[in-house]
Amino acid sequence: MTHKVKKIYFILAVLIVVLFVSSIIVFTKVGLNDVNEKDIIKSTINSPELGKSSSENVIIEFMDFKCPYCKKFEFTTYNKLESKYISKGKAKFRVVNASILGDDSVRAARAAHALNIYYPNKYWEFHHTLLQIQPDNENEWITSDLIDSQLEKLNIPKDKLELIKKDYKTKGSKSWELANKDKKLYKKYKNKYVPSVYVNGKFIKNPYSIKELEKYMK
């Protein structure tokens, strides 16, 4: 092998190493789970939302009412986001009910959507309460009786309350369609667990770190 050929092989080897290292840096910086910001905002437009509608920052949580880690997120990161950003109009917060932990998870998602459709002013109170009363086990606990009793505590006008109850219990209703759409969105964005949190399209590897979420705020 001539000196010239050896030199060419050496240069090629160096280029391959540089490309490999560059790829690792790019993938680490961008994040393999990052999504198109406009796409995820548009596809979650019917999700329950809290905060000023004109806010630049959009935080989206894929969650499950039975998930203990979602409960942890609720009482740690979410509380900080609510006081520092959401309540001050600096960010809006959306939830997508992934409903991956059983039939009662799906039932809760349908009820949540029905409430958000017919009486949205009480949605977040219902949302927070379900996570707060979540037991420390994986048994089926979100029954229709429990949902109805929680809805009845919200002082919803009787006609609206009956609409909500009927809708979440009726196959093919609006709330059923939205709950099914949520499950499809969870798969569409290739989420592997809940809570999966995005800030302006950026996937948050550690959703319990408020500092990591803040890195992607505008």
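Where does His113 sit in this fold? His113 is in helix H4, and we'll come back to its surroundings below. Bear in mind that this is a predicted model. The protein has nine helices and five strands, and 43% of its 218 residues count as buried.

**The overall picture**

- Reading from the N terminus, the elements go α-α-β-β-α-β-α-α-α-α-α-β-β-α.
- Take the contacts between residues at least 6 apart in sequence: 73% of them join residues at least 24 apart.
- The protein exposes about 12500 Å², with carbon and sulfur atoms supplying 57% of that area.

**His113 and its pocket of neighbours in H4**

- His113 comes out at 2% relative accessibility, so it counts as buried, the cut-off being under 20%.
- The side chain of His113 makes a polar contact of 2.7 Å with the side chain of Asp182.
- Apart from residues within four places in sequence, His113 is in contact with Asn46, Pro48, Asn97, Ser175, Leu178, Ala179 and Asp182.

**Ser105 and Lys66**

- Ser105 is also a residue of helix H4, and its relative accessible area of 2% makes it buried.
- Once neighbours within four places in sequence are set aside, Ser105 has contacts with Asp64, Lys66 and Ser99.
- Lys66 belongs to the loop between S2 and H3.
- Is Lys66 buried or exposed? Lys66 is a lysine that counts as buried, at 8% relative accessibility.
- Two backbone oxygens are reached by the Lys66 side chain: that of Leu101 at 3.3 Å and that of Asn139 at 3.4 Å.
- Lys66 and Asn139 sit 73 residues apart in sequence, yet their C-alpha atoms are 9.1 Å apart in space.
- Beyond four places in sequence, Lys66 touches Leu101, Asp104, Ser105, Gln134, Glu138, Asn139, Glu140, Trp141 and Ile142.

**Helix H5 and what packs over it**

- Helix H5 covers residues 123–132, and its buried residues are Tyr123, Trp124, Phe126, His127, Leu130 and Leu131.
- Look down the axis of H5 and those buried residues fall within an arc of 160°, so they line one face of the helix.
- That fits the usual helix geometry: with 3.6 residues a turn, residues three or four places apart point the same way.
- Which elements cover the buried residues of H5? The cover includes strands S1 (49–50), S2 (57–63) and S3 (91–97), along with helices H3 (68–86), H4 (103–118) and H6 (144–152).

**The nonpolar core and helix H3**

- In soluble globular proteins, nonpolar side chains tend to be buried together.
- Here, the largest nonpolar core holds 52 residues.
- Which of its residues touch the most other members? They are Ile59, Phe62, Phe65, Leu81, Phe93, Phe126 and Leu151.
- Phe126 is thus both on the list of buried H5 residues and among those core residues that touch the most other members.
- Leu81, another of that group, touches Ile59, Phe73, Ile86, Ile210, Leu213 and Met217, not counting residues up to four places away in sequence.
- Thr76 is in helix H3 and is partly exposed, with a relative accessible area of 31%.
- Thr76 and Ile210 are 134 residues apart along the chain, while their C-alpha atoms are separated by 8.8 Å.

**Strand S4 and its partners**

- Strand S4 (residues 196–199) is covered on both faces.
- On one side of S4, Ser196 and Tyr198 are buried, and on the other side Val197 and Val199 are buried as well.
- As a reminder, side chains in a regular strand alternate between the two faces of the sheet.
- S2 and S4 run antiparallel, joined by four bridges, and Glu61 has Val197 in S4 as its bridge partner.
- S4 also pairs with strand S5 (residues 202–203), in the antiparallel sense and over two bridges.
- Which S5 residue does Tyr198 stand opposite? Tyr198 stands opposite Phe203.
- S4 and S5 make a hairpin that has two residues between the strands.
- In the turn of that hairpin, Asn200 has a positive phi of about 55°.

Conventions: Residues numbered from 1 in each chain as written. Predicted model: local features only at pLDDT ≥ 70, side-chain atom pairs only at ≥ 80, totals over all residues. Heavy atoms only, no water. Buried < 20%, exposed > 50% of the residue type's maximum accessible area, 1.4 Å probe, protein only. Arc of directions from axis to C-beta. Contact = heavy atoms within 4.5 Å. Polar contact = N/O pair within 3.5 Å; in protein donor to acceptor, adjacent residues only side chain to side chain. Core = buried A, V, L, I, M, F, W, Y, C linked by side-chain atoms within 4.5 Å. Areas by Shrake-Rupley, 256 points an atom, 1.4 Å probe, with all protein chains shown as cover. Pairing = 2+ DSSP bridges.
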